[in-house]
Amino acid sequence: MGTALKVEELVKWYGKEVLALDKVSFDVEEGDFVVIMGPSGCGKSTLLKCITGILPWNEGDIYIREKSMKGVPAYKRDIALMPERYALFPHMRVFDNVAFGLRMRRERESEIKKKVGDALKMVGLEGFEKRWPGELSGGQRQRVSIARAIIVNPAILLLDEPLSHVDYRLQRKMMDDFRDLQKELGNTWILTTHVQEHGLSMARTLVVMSNAVIEQIGTSGEIYNNPKTVFTARFVGDINLINGYVVSQKKRDCVVKTELGELVGTYPGDADLKEQKIAYGVRPDKIQIMKDSDAFDNTIKAELISYYFFGEVIEYLFMTKGNIELKVRAEPAIYEKGKTYTLGWNAEHGNIMDKPSMAKGVKIEDIIYGR
Amino acid sequence: MPQKTSLKGFLSRNSVYLMILPPLVIAVLFMLAPTVSVLLLSFNKGAGVTFDPTRLTFENFFAILTRPTTYIVLRDTLGMSLLATFMTFMVAFPVSYFLAFKVENFRLQNVITFLLVIPYWVDWSIRSISWLSILGREGIVNYLLLSLGLTQTPIAELLFTRWTLLIIWIQTNVLFMLFPIYLALSRVDPELLDVAQSLGATPSRSFYHVTFKLALPGVIVGFMFVFVSTIGDYVTPSLWAGGLQMLGKTVQSYAWLFQWPIASAYGVLLLAVTMAIIYVLLRVVNIKKVFYE
């Protein structure tokens with residue numbers, strides 16, 4: 001399998017003030033399903049536009065199937081774009097919308113008719129050929145938009161925020177449909193989202209972005225379990241964060257001095273952290289409310305102050321001696337408010353992060369407290 | 001159950017009809033009635049201005065349709081009007097395109113639109129008279145030609161030709177073409193062009209298949225405005241076109257001679273030609289799509 005897309009040190013400025021992409025680099029394998037995830041304004045749409053070729057960049061390069069895209073216009077790139085609001089051509093019926101790419105490639109009408117029929121079947125819109133876009137529901141419009149993009153069989157299919165305009169129930173179904181469709185077609189899909197749930201559940205490769213830079217690339221599990229920066233830890237899932245500094249380090253295992261006392265945790269990088277300020281994080285679902293027989297690397301006594309019901313899990317809110325709140329997610333069980341319990345977690349679940357974010361000029365304290 | 005017969009009841013039951021009554025009266029009185037009277041008069045014998053149902057005839061139409069001059073006038077009228085409309089489109093489209101796509105600042109868009117409207121504050125006759133100082137014997141164009149040595153004597157033919165008429169028609173009508181096109185273009189989502197290009201459309205093909213096609217209803221509306229207002233115009237051709245005979249002028253000259261039935265027949269001919277062309281235009285493009293979604 002080759003590389004479908006290579007982005008190399010990409011820099012994009014809007015005017016002289018706004019830096020939208022700051023030396024962004026990453027590779028995408030042929031046939032991968034990539035989700036670029038980040039808050040709105042982080043540069044993910046800009047990145048997509050640069051890959052599409054509708055936006056020029058300032059420095060760096062993009063390679064599609066190992067060919068440099070410098071100066072290559074959008075219509076010569078082997079990509080198809082599905083923009084956020086579907087952008088169906090309002091003056092064309094569904095058939096002509098889907099046929100557009102093939103007509104631009106001057107394929108024969110008989111061939112086009114067959115392919116449009118197949119594409120509409122794939123997205124479950126058989127018999128919709130004669131409809132106008134204005135007569136379709138939001139979900140149907142989106143599926144027409146997908147059919148229009150996949151029909152040209154692009155090397156890379158780019159989908160900008162494809163789930164942000166459909167309702168919650170449909171989102172789940174669309175995520176499944178996307179993955180099935182991608183598996184069936186076998187080409188490379190790259191989509192963006194600002195909703196962490198979408199990224200975590202859909203992506204084969206997840207790219208987390210913030211403020212014009214890539215924070216981390218990996219599988220959902222890698223990123224959830226071993227976030228490299230505080231930004232990633234907070235953006236992907238929920239996390240309890242505590243300030244601290246490293247007392248001793250043995251490869252990846254660190255002992256950290258924090259306001260909760262000495263804690264042990266794991267550092268995913270290989271820098272020497274001795275005596276350095278770090279952030280210590282632990283996911284709410286990794287903390288256990290201990291029974292007598294249990295043994296954990298880290299134990300803390302804390303008072304239960306409240307809880308929130310989430311269906312299968314309950315989020316308990318504990319307060320430790322130093323007035324630090326700890327969130328714990330666990331199966332419903334009977335605990336009393338105001339009573340003190342012992343909480344425990346293992347070293348592998350203590351995430352040690354030495355960088356607040358890959359973006360420059362962000363202090364670790366800033367990102368833990370506030371914002 | 002006894003029917004309510006009070007005035008209040010009657011008013012409230014028929015409020016919708018009562019509300020459209022005043023504009024209906026005005027429309028019938030000022031638009032429909034004159035048209036119908038012209039239509040009736042064109043089938044009347046003699047020279048009177050009142051319709052006499054006992055003297056119905058096709059004589060007037062027979063008379064005008066057997067004259068060779070009618071066809072020459074019709075050809076010139078249609079030719080000039082269509083040419084003027086097309087030229088107006090050629091001027092208005094790039095300007096509307098520029099306004100809709102290249103001027104990103106919304107306030108600047110408004111300022112430019114405002115500047116474009118200012119000349120329309122003065123009457124069209126004054127606006128067209130200003131061409132005297134440009135195209136006249138001592139006008140700017142002649143001055144430039146003389147001082148550049150391109151001509152020894154001032155060119156008189158700049159004024160009072162069919163080309164003068166064309167220029168003045170373009171100038172007096174350009175906004176009626178520009179605004180509908182601008183309206184249609186400003187509703188075109190730029191994302192559509194991104195998608196078109198990502199699907200393999202070159203800039204020129206995405207312009208034709210997306211931008212122009214979406215602007216087409218606006219073009220048709222502008223086309224109708226300009227075409228209708230030029231084809232029936234008799235004042236501008238009388239003033240500026242030299243000896244060029246136009247259908248509107250013919251109608252006017254027969255009316256001047258109190259030949260009402262013949263004038264009416266020419267009027268009906270003009271109306272028929274105009275309606276035929278507009279019918280064809282509307283068959284080409286669905287005008288409702290100007291306001292799609």
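## A look around chains A and B

Let's start inside chain A: five of the six residues of strand β10 (residues 213-218) of chain A are buried, so this strand is largely enclosed by the rest of the structure. Keep in mind throughout that this is a predicted model.

β10(A) has a partner in strand β9 (residues 205-210) of chain A, and the two run antiparallel, joined by five bridges. One of the residue pairings is easy to find on screen: A:M209 has A:I214 in β10(A) as its bridge partner. The turn of this hairpin has two residues between the strands, and there A:N211 adopts a positive phi near 30°.

**Chain A as a whole**

Zooming out, chain A has nine helices and 20 strands. Its C-alpha atoms fit a box of roughly 75 × 45 × 40 Å along the principal axes. Of its 371 residues, 51% count as buried. If you take the contacts in chain A with a separation of 6 or more, 65% of them come from residues 24 or more positions apart.

Further along the chain there is an open sheet of five strands, with antiparallel pairing and the order β15-β19-β16-β17-β18 in chain A. The edges belong to β15 (288-289) and β18 (325-330) of chain A; each has a single partner strand, so one side of each lacks a neighbour in the sheet. Within the sheet, strand β16 (residues 298-309) and strand β17 (residues 314-320) of chain A pair antiparallel over seven bridges. A:L304 sits opposite A:F318 in β17(A). As background for reading any such sheet, side chains in a regular strand alternate between the two faces.

**Where the two chains meet**

How many residues does each chain bring to the contact? Chain A supplies 28 residues and chain B supplies 21 residues. Together they bury about 2100 Å² between chain A and chain B, and carbon and sulfur atoms give 65% of that area.

On the polar side of things, there are two salt bridges between chain A and chain B. One of them joins the side chains of A:R85 and B:D189, at 3.9 Å from N to O. There are also five residue pairs in polar contact across the interface of chain A and chain B, with both residues at pLDDT 80 or more.

Which elements of chain A give two or more residues to the side that touches chain B? They are β6 (79-82), α2 (94-104) and α4 (138-150) of chain A. α2(A) gives the most, with four residues. Sorted by character, the residues on this side of chain A come out as 17 nonpolar, four polar and seven charged.

**Helix α10 of chain B**

Over in chain B, helix α10 (residues 190-198) is mostly covered, with seven of its nine residues buried. Those buried residues are B:E191, B:L192, B:L193, B:D194, B:V195, B:A196 and B:S198. What do they pack against? From chain A, the partners are α1 (44-52), β6, α2 and α4; from chain B, they are α4 (68-102) and α11 (203-231).

B:D189 turns up again here: this residue caps the N-terminal end of α10(B), with a side-chain oxygen 3.0 Å from the backbone nitrogen of B:E191. After α10(B) comes B:G200, which has a positive phi near 105°.

**Two buried residues worth a click**

The table gives the accessibility of one residue from each chain.

| Residue | Relative accessibility |
|---|---|
| B:T113 | 15%, buried |
| A:V166 | 9%, buried |

B:T113 belongs to helix α5 (residues 106-117) of chain B. Its side chain reaches the backbone oxygen of B:Q109 at 2.5 Å. Leaving out neighbours within four places in sequence, B:T113 is in contact with B:L99 and B:F179.

A:V166 is in a loop, between β7 (156-159) and α5 (168-185) of chain A. Why is A:V166 classed as buried? The cut-off is under 20% relative accessible area, and A:V166 is at 9% relative accessibility, so this residue counts as buried. Not counting residues up to four places away in sequence, A:V166 touches A:Y86, A:Q142, A:Q171 and A:M174. For a sense of scale, the C-alpha atoms of A:V166 and A:S68 are separated by 36 Å, and the two residues are 98 residues apart along the chain.

Conventions. Residues are numbered from 1 along each chain as its sequence is written. Chains are lettered from A and ligands numbered from 1 in the order in which they are written. This is a predicted model: local features need pLDDT of at least 70, side-chain atom pairs count only at pLDDT 80 or more; totals for chains, interfaces and linings use all residues. Side-chain values use heavy atoms; hydrogens and water are left out. Contact means heavy atoms within 4.5 Å. Buried area is the accessible area (1.4 Å probe) that two parts lose on being put together, summed over both. A salt bridge is a side-chain nitrogen of Lys or Arg within 4 Å of a carboxyl oxygen of Asp or Glu. A polar contact is a pair of N or O atoms within 3.5 Å; within protein, one must be able to donate a hydrogen and the other to accept it, and residues adjacent in sequence count only if both atoms are side-chain atoms. Ala, Val, Leu, Ile, Met, Phe, Trp, Tyr, Cys and Pro count as nonpolar, Asp, Glu, Lys and Arg as charged, and the others, Gly among them, as polar. Buried means under 20% relative accessible area, exposed over 50%, partly exposed in between (1.4 Å probe, protein chains only). Two strands pair if DSSP finds at least two bridges between them.
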